[in-house]
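The report below walks through selected features of one protein chain, moving from strand pairing to enclosed space and then to a single residue.

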Amino acid sequence: MENLTKYFYIVTYGCQMNVHESEKLAGILNEQGYLPCENEKQADIIVFNTCCIRENAEDRAEGNIGALKKLKKQKKDLIIAVCGCMTQQKGYAEQLHKKFPFIDIIFGTHNLEDFKSLLQQKLSSKKKVISILEKETEIKENTPKFRTSFPNAWVNIMYGCNNFCTYCIVPYVRGRERSRKPENIINECKALINEGYKEITLLGQNVNSYGKDLGNTNFASLITEISNLDGDFRLRFMTNHPKDLTEDLIISLANSKKCCKSIHLPIQSGSNHILKLMNRRYTREDYLEEIKILRKYIPDIAITTDIMVGFPQETDEDFLDTFNLVKEVKYSGAFTFVYSKRKGTPAATMEGQMDEEISKERIMKLIDLQNSINREQSLSYNGKIIEILCEGYDDKKGKYLGRDTYGRMAYFSSNINLIGKFVNVLITETGGISLSGEIV
Ligand code: SF4
C-alpha cells in the first residue's frame, strides 16, 4: 500500500531566534499533516531557514541548496522552500531564484507566519512562489509550534532591532523593534509550564528594551510577572544590550526566584575607540560599572559575552583593551568571532579593514585566555553538589546531561530517564567547560 504520510525536513542556520522560528515553520507544516523525518531524502518538503549574519552561513546555505538539484530531478513533487534573513536582503530573492531555479518557495522574515498560505498557493497553482515583504507587519499570535527541545522552551518576546550596530545586518532584515503584549507572553509561558516545560528562555535581539514601543510595561516587570507564575521552572533570556541594562532590571533579576543566575552581556570590544566605530553606545567604563552592579546584587552571577576581533581600524592597543577586559571580568563563557564584512552595513565600507592573519592571531590569544578562565572556573566545581536540569542524553558518552543555574553543563549516569527532572549531582571530574559527576 502506498504511504500517504508526508514528511518535512528543516535545515536551520544561525542563532537561537532562527531555531525557534524553525519550530514555528515545523508547527505550520505539522498542522498541515506533515511529520518530521530524519533526512532530506525522505522529505516531501525541505525548508532552509537561513541566516545572513556571517558570510560563511550564507555560503553553507547556498552549498546545501545547490546539492539538492539532483534530488529534485529524481523526485519531481519534492518542494524546496527557502526563507529567513538571507532571502530578506534587498534583491537577494531574485538572485537566488536565478541561481537555483528549482526552488519552489522563497519568502522572507516578515512573512514567516504566512508560510501556510504560501505553501497552499504553491500546491494549488504548481507555480513558483516568491514573496518578500519590504516592511515588517503586525505581530501574529497563535502560530503553531512544533517544539523540539523539551524540557527547554523558547518564547519570543519581541522582534526586530533599533540599534544599528555598524557591523550588523539584523535591523535591515528584521525591521524595527516590536514587542509582544505581556498578556500573550504570560499566557504562552503558563501553557508551557502546564505542559511540563522546565526552562523558558525569552528571546529578543535586545530584550532589555522590551516594551518601549508598548509604553505601559518593561522587561523588569515582565520577568517579575513570569517569575511569579506557579510551577517549578527556570527562566532565562537573551540577548541583552549593555546600553539598556538598568539597575532596576538587575534588582528584579536578583529578586526573582525563577531567573537563572546567569546573563549574556555582549561587550563586542573592550576599546572605546572600536565601540564608538561599532555604534554600540556605551563605553568600556559603562560596561565595567554594570558588571560591578550585577555582582553587587547577584555576587555569584555567571556572565557570558560575545567578542569580535579584527573590526576595521582595530589597533594592537585596542585589542589589548579587549584582552585586559576579558581578564578583568573573568567571563563564564565567551563567543569569540573574527569580524566578517556584511554588504549593506556601514562597517563594510569603513577604512582600515583588517588583515586576516592579524585577526586570526588576536582571536587565538583571546580563545587561549578564555579557555584558561574556563578551566580555572571548572576546577572550583570539584567536590560541589549542583542542581542540574536534565536536558538530554548523549549517545556517544552514554550519559545524561544538563545545566546548572549558571549555565554550566554537566554529565552524569542514570539507569532511568531523567529528562525534564531537576537532579543533584556531585561533581567529580572537571575538564574544559563541561563537568562530570554522579547523582546524589
Ligand atoms: S543590537 Fe546591534 S548586534 Fe544586536 S541585533 Fe541589533 S544591531 Fe545587531
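## Strand pairing, internal space and one buried residue

Ile386 stands opposite Val425 in strand 18. The model is a predicted one, and the pairing just named belongs to the antiparallel union of strand 15 with strand 18 (residues 422-430), which five bridges hold in register. Strand 15 (residues 385-394) is mostly covered, since seven of its 10 residues are buried.

Strand 15 also pairs with strand 16 (residues 399-403), again in the antiparallel sense and over five bridges; within this pairing, Cys390 is found opposite Gly402 of strand 16. Strand 15 and strand 16 form a hairpin with four residues between the strands, and in this hairpin Gly398 adopts a positive phi near 65°.

Parallel pairing is seen elsewhere, in an open sheet of six strands whose order is 2-1-3-4-5-6. Strand 2 (34-36) and strand 6 (129-131) stand at the edges of this sheet, and because each has a single partner strand, one side of each is left without a neighbour in the sheet. On average, and with direction ignored, neighbouring strands of this sheet are turned by 20° against each other. Inside the sheet, strand 1 (residues 6-12) pairs with strand 3 (residues 45-50) in the parallel sense, and Tyr9 has Ile46 of strand 3 as its bridge partner. The table sets out the three strand pairs for which bridges are described.

| Strand pair | Sense | Bridges |
|---|---|---|
| Strand 15 and strand 18 | antiparallel | five bridges |
| Strand 15 and strand 16 | antiparallel | five bridges |
| Strand 1 and strand 3 | parallel | five bridges |

Two helices lie across strands of the six-stranded sheet. Helix 5 (residues 92-99) lies across strand 4 (79-84), strand 5 (105-107) and strand 6, running at about 160° to strand 5. Helix 6 (residues 115-125) crosses strand 2, strand 3, strand 4, strand 5 and strand 6, and its direction makes an angle of about 155° with strand 5.

Helix 5 also takes part in the lining of the second largest pocket, to which it gives the most, with four residues. This pocket holds about 630 Å³ of space, and among the 26 residues that line it, Gln88, Gln89, Lys90, Gly91 and Val173 are the closest to its centre. At least two lining residues come from each of helix 2 (55-66), helix 4 (85-88), helix 5 and helix 7.

As for enclosed space, a search of the whole structure finds one cavity of 30 Å³ or more, and the volume of the largest cavity is about 230 Å³. It is lined by 18 residues, of which Thr109, His110, Glu113, Tyr159 and Arg178 are the closest to its centre. Helix 1 (16-31) and helix 7 (170-174) are the elements that give two or more residues to this lining.

Tyr159, one of the residues closest to the centre of the largest cavity, is also the partner of Asn156 in a polar contact between the two side chains, at 3.4 Å. Asn156 lies in strand 7 (residues 152-156). Is Asn156 buried or exposed? With a relative accessible area of 1%, Asn156 counts as buried, because the limit for that class is under 20%. Leaving aside its neighbours within four places in sequence, Asn156 is in contact with Met17, His20, Lys24, Arg180, Ile185 and Leu203.

Methods
Residues are numbered from 1 along each chain as its sequence is written. This is a predicted model: local features need pLDDT of at least 70, side-chain atom pairs count only at pLDDT 80 or more; totals for chains, interfaces and linings use all residues. Side-chain values use heavy atoms; hydrogens and water are left out. Buried means under 20% relative accessible area, exposed over 50%, partly exposed in between (1.4 Å probe, protein chains only). A polar contact is a pair of N or O atoms within 3.5 Å; within protein, one must be able to donate a hydrogen and the other to accept it, and residues adjacent in sequence count only if both atoms are side-chain atoms. Contact means heavy atoms within 4.5 Å. Two strands pair if DSSP finds at least two bridges between them. Axes are lines fitted to C-alpha atoms, for helices over the stretch in contact, and angles run from 0 to 180 degrees between N-to-C directions. On a 1 Å grid over the protein atoms alone, a cavity is a set of points where a 1.4 Å probe fits but cannot get out, and a pocket is an open set with protein on both sides within 12 Å along at least five of seven lines; lining residues have an atom within 4 Å of a point. Grid points are joined across faces, edges and corners, and a volume is the space filled by probe spheres set on the points.
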